[in-house]
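Please look over the chain shown below before reading the briefing that follows. The points are grouped by topic, starting with charged pairs and moving on to the interior and the overall fold.

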Amino acid sequence: MKNQRRAMAWGLVTVLLWSTVATAFKLSLRHLEPVQLLLIASLVSLLVMGAVLAVRGRLHLVFQATPRQVGTSLALGVLNPFLYYLVLFKAYDLLPAQEAQPLNYTWAITLTLLSIPILGQRPTWRDGLATLISYAGVVVIATRGDILSLRFASPLGVGLALGSTIIWALYWLFSARAARDGRDPVAALFLNFLFALPFILMACLFTAGLPTNLNGLLAAAYVGVFEMGVTFITWFTALRLAESASRVGNLIFISPFLSLVFIHYLVGEAILASTVWGLVCIIGGLALQQLSREKTG
């Protein structure tokens, strides 16, 4: 049964949890290498999703996947969580959280750009303007306000943060196609993570080794529960209950600003004015893009 009030409540819970994960990334990376963080977070997330499926009596759906669905989950698992989070965590390792987090938020703009060649969609003038505004914000953040110099504090970190948006957008596009097979979304995501685990484990063993730092393990477990696991369920619940999905979707604009508060007080970063203004540009571009979708949809 639709219930907008409950939908908004679930949406706010999700946004609050999402707002903490950039801080958790940074705290965990003080003790772990990116691939070690990915290993623990993926394992914990897999356990969370398995528990959710078991409680709902749907765990058997995992074993009913067809060979084609198995192949799809294997391919999607390589994209996410393996490649996406490996690149994203490395970006967080190289950049201050206040820079990596807003740059990663441009994935929706990247999704629109990739939809043009992959889905054959025709962009509107609002999409073009939204892209210019958002990437102007990227330049402000990446140059820390010194936009005329075009000197990036960490070119590799900026490149990885923006590169992660390409991986995520591709994952989103291919997942949307795969969703047409009618599988339970949690069961499908469980398989994605399950098939990605051997790749993550091998990468960990051949590079950083297995993680042992307790503080890092606890922070990584938090990431696994609230970035990769529970929030997927709460957000899906919010959208399922919503009478107006766009009103729930607008809640995501709160998250990056709230995240800066956690980054400042828990990570100890002094928030730069360039970060705030750049983030305003990025969110403004995303809001304009969403307005364009509502008018054309």
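In this predicted model, K90 and D93 both sit in helix 3, three residues apart, which is about one turn of that helix. The two residues form a salt bridge in which the closest N and O atoms are 3.7 Å apart. K90 is partly exposed, with a relative accessibility of 32%, and D93 is likewise listed as partly exposed, with a relative accessible area of 29%.

**Salt bridges across the sequence**

- By the rule applied here, the count of salt bridges comes to three, and the general background is that side chains of opposite charge can pair when their charged atoms come close.
- R58 forms a salt bridge with D184, and the closest N and O atoms of this pair are 2.7 Å apart.
- This pair links distant parts of the chain, since R58 belongs to the loop between helix 2 and helix 3 (67–94), while D184 belongs to the loop between helix 7 (155–178) and helix 8 (185–206), 126 residues apart.
- The two partners of this bridge fall into separate burial classes: R58 is partly exposed, with a relative accessible area of 35%, whereas D184 is buried, with a relative accessible area of 13%.
- E99 forms a salt bridge with R144, and here the closest N and O atoms are 2.6 Å apart.
- E99 lies in helix 4 (residues 97–104) and R144 in the loop between helix 6 (125–142) and helix 7, so this salt bridge ties together parts of the chain that are 45 residues apart in sequence.
- E99 has a relative accessibility of 1% and therefore counts as buried, the limit for that class being under 20%, whereas R144 is partly exposed, with a relative accessible area of 40%.

**Nonpolar cores**

- The largest nonpolar core contains 71 residues, and the residues with the most contacts inside this core are F89, Y92 and L286.
- Helix 2, which covers residues 34–55, gives the most to this core, contributing twelve residues.
- Apart from this core lies another one, made up of nine residues, among them V15, A238, V248 and L251.
- Leaving aside residues up to four places away in sequence, Y92 touches A22, F25, K26, L29, A97, A100 and Q101.

**Overall fold and dimensions**

- The secondary structure of the protein chain comes to 13 helices and zero strands, and, read along the sequence, the pattern is α-α-α-α-α-α-α-α-α-α-α-α-α.
- For a chain of 297 residues, a compact globule would have a radius of gyration near 19 Å, and because the protein chain has 19 Å, the value agrees with that expectation.
- Along its principal axes, the C-alpha trace of the protein chain spans about 55 × 50 × 40 Å.
- Among contacts between residues at least 6 apart in sequence, 87% join residues that are at least 24 apart.

**Burial and surface**

- Of the 297 residues in the protein chain, buried residues make up 51%.
- The accessible surface of the protein chain comes to about 14000 Å², and 68% of that surface belongs to carbon and sulfur atoms.

Conventions. Residues numbered from 1 in each chain as written. Predicted model: local features only at pLDDT ≥ 70, side-chain atom pairs only at ≥ 80, totals over all residues. Heavy atoms only, no water. Core = buried A, V, L, I, M, F, W, Y, C linked by side-chain atoms within 4.5 Å. Buried < 20%, exposed > 50% of the residue type's maximum accessible area, 1.4 Å probe, protein only. Helix = DSSP H or I, 4+ residues; strand = E, 2+ residues; numbered from the N terminus. Contact = heavy atoms within 4.5 Å. Salt bridge = Lys/Arg side-chain N within 4 Å of Asp/Glu carboxyl O. Rg over C-alpha atoms; globule rule 2.2 N^0.38 Å. Areas by Shrake-Rupley, 256 points an atom, 1.4 Å probe, with all protein chains shown as cover.
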